[in-house]
Amino acid sequence: MSSTEQRVAIVTGAARGIGAATAVRLAAEGHAVAVLDLDEGACAQTVEEITAQGGKVLAVGCDVSDSAQVEAAVARVSTELGAPVVLVNNAGVLRDNLLFKMSDDDWDTVMNVHLRGAFLMSRACQKHMVDAGFGRIVNLSSSSALGNRGQVNYSAAKAGMQGFTKTLAKELGKFGITANAVAPGFIATDMTAATAERVGMGFDDFQAAAATQIPVQRVGEPADIANAVAFFADEKAGFVSGQVLYIAGGPLD
Ligand code: NAP
């Protein structure tokens, strides 16, 4: 790739929350960005923000846990925007419950979106990265990887994302591809708002209570995560690979 060519990035789950903030940030850093989400139409706001700042963007509807949809989505990005060389595996869902109440479907859905989704997307994109001799894969883990009550499915998936990341780093490094993970703590998004609702608290009270437990005394914003993803995605971060960065306003136990 010539230094004047615009790099193409794919961000999954980019209709809202951390994915949307990351897509906007990567566009601001000069990438052409494909925003993937279950519903193409739901990406309208992200598309609008990127377009308003003069960026190049393509919305694509895709369930990341579906192999055929992933192959079709990556092919479409490659044709309409260019070969993707940055991939942010961000799409995520919660199906929280205590172990004895957790259904097979709760378990499978979370594994499929996070782990199978990251696997399918990475496999589909790596050939473009290998061809380019350059690639950046950033995976969303979570502080829940360390264990969190009511989240056996999610914590297992997010711990799995860390092993997945380190293995990608080992396999793909020789092709100029790095793989890293960000592991957020509490970030104010629809996901944490849904958790507040599930436990019967208003979102403001829920955030205020969480902030008292965080050393910097505030909850995170999507931009806090987008910043770190932008660092890992940067060409200059080429010697940083296989790392997991916890972003939680302080150290975790
Ligand atoms: P969010 O606001 O719920 O956004 C997640 C996005 O992913 C939604 O737009 C959702 O679409 C999409 N999505 C879900 N399943 C999908 C699928 N199969 N294919 C494509 N897209 C799919 O969540 P967030 O808080 O921004 O979280 C983003 C990532 O960070 C997730 O991986 C999450 O686990 C991780 N994380 C979040 C926090 C936090 O505190 N918020 C902490 C640690 C880690 P729909 O709306 O249509 O379902």
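**Exercise 1. How far apart do the C-alpha centres of domain 1 and domain 2 lie?**

Solution. Keep in mind that this is a predicted model.

- Step 1: start with the bounds. The domain assignment gives residues 3-185 together with 222-244 to domain 1, and residues 186-219 to domain 2.
- Step 2: take the C-alpha centre of each domain; the two centres are 24 Å apart.
- Step 3: look at who takes part in the contact. Domain 1 contributes 13 residues and domain 2 contributes nine residues.

**Exercise 2. Describe the surface that the two domains share, then its polar links.**

Solution.

- Step 1: begin with area. About 830 Å² is buried between domain 1 and domain 2, and 59% of that is on carbon and sulfur atoms.
- Step 2: count the charged links. There are three salt bridges between domain 1 and domain 2.
- Step 3: try one salt bridge on the structure. R198 and D96 meet through their side chains, with N to O at 3.2 Å. With a cut-off of 4 Å for a salt bridge, this pair qualifies.
- Step 4: add the polar contacts. Four residue pairs are in polar contact between domain 1 and domain 2, both partners being at pLDDT 80 or more.
- Step 5: find the elements on the domain 1 side. Helices α1 (17-28) and α8 (222-233) are the ones that give two or more residues to the side touching domain 2. The largest share, three residues, belongs to α8.
- Step 6: sort that side of domain 1 by residue type: seven nonpolar, three polar and three charged.

**Exercise 3. How many residues surround the ligand, and which are the closest?**

Solution.

- Step 1: count the surroundings. The ligand has 29 residues around it, and the closest are R16, D37, N90, Y154 and T189.
- Step 2: turn to the backbone. A polar backbone atom of I18 sits 2.8 Å from a ligand oxygen atom.
- Step 3: move on to I187, where a backbone N or O atom is 2.9 Å from an oxygen atom of the ligand.
- Step 4: finish with C62, whose backbone N or O atom lies 3.4 Å from a nitrogen atom of the ligand.

**Exercise 4. Why does the pair of E40 and R76 tie together parts that are 36 residues apart in sequence?**

Solution.

- Step 1: search the whole structure for salt bridges; the search finds nine.
- Step 2: pick out E40 and R76, which form a salt bridge with their closest N and O atoms 3.4 Å apart.
- Step 3: place both partners. E40 belongs to the loop between β2 (32-37) and α2 (44-52), while R76 belongs to helix α3 (residues 67-80), so the pair joins parts 36 residues apart in sequence.

Key. Residues are numbered from 1 along each chain as its sequence is written. This is a predicted model: local features need pLDDT of at least 70, side-chain atom pairs count only at pLDDT 80 or more; totals for chains, interfaces and linings use all residues. Side-chain values use heavy atoms; hydrogens and water are left out. Domain bounds come from an automatic or database domain assignment. Contact means heavy atoms within 4.5 Å. Buried area is the accessible area (1.4 Å probe) that two parts lose on being put together, summed over both. A polar contact is a pair of N or O atoms within 3.5 Å; within protein, one must be able to donate a hydrogen and the other to accept it, and residues adjacent in sequence count only if both atoms are side-chain atoms. Helices (H or I, at least four residues) and strands (E, at least two) are DSSP runs, numbered from the N terminus. Ala, Val, Leu, Ile, Met, Phe, Trp, Tyr, Cys and Pro count as nonpolar, Asp, Glu, Lys and Arg as charged, and the others, Gly among them, as polar. A residue is near a molecule or strand if one of its heavy atoms lies within 4 Å of it.
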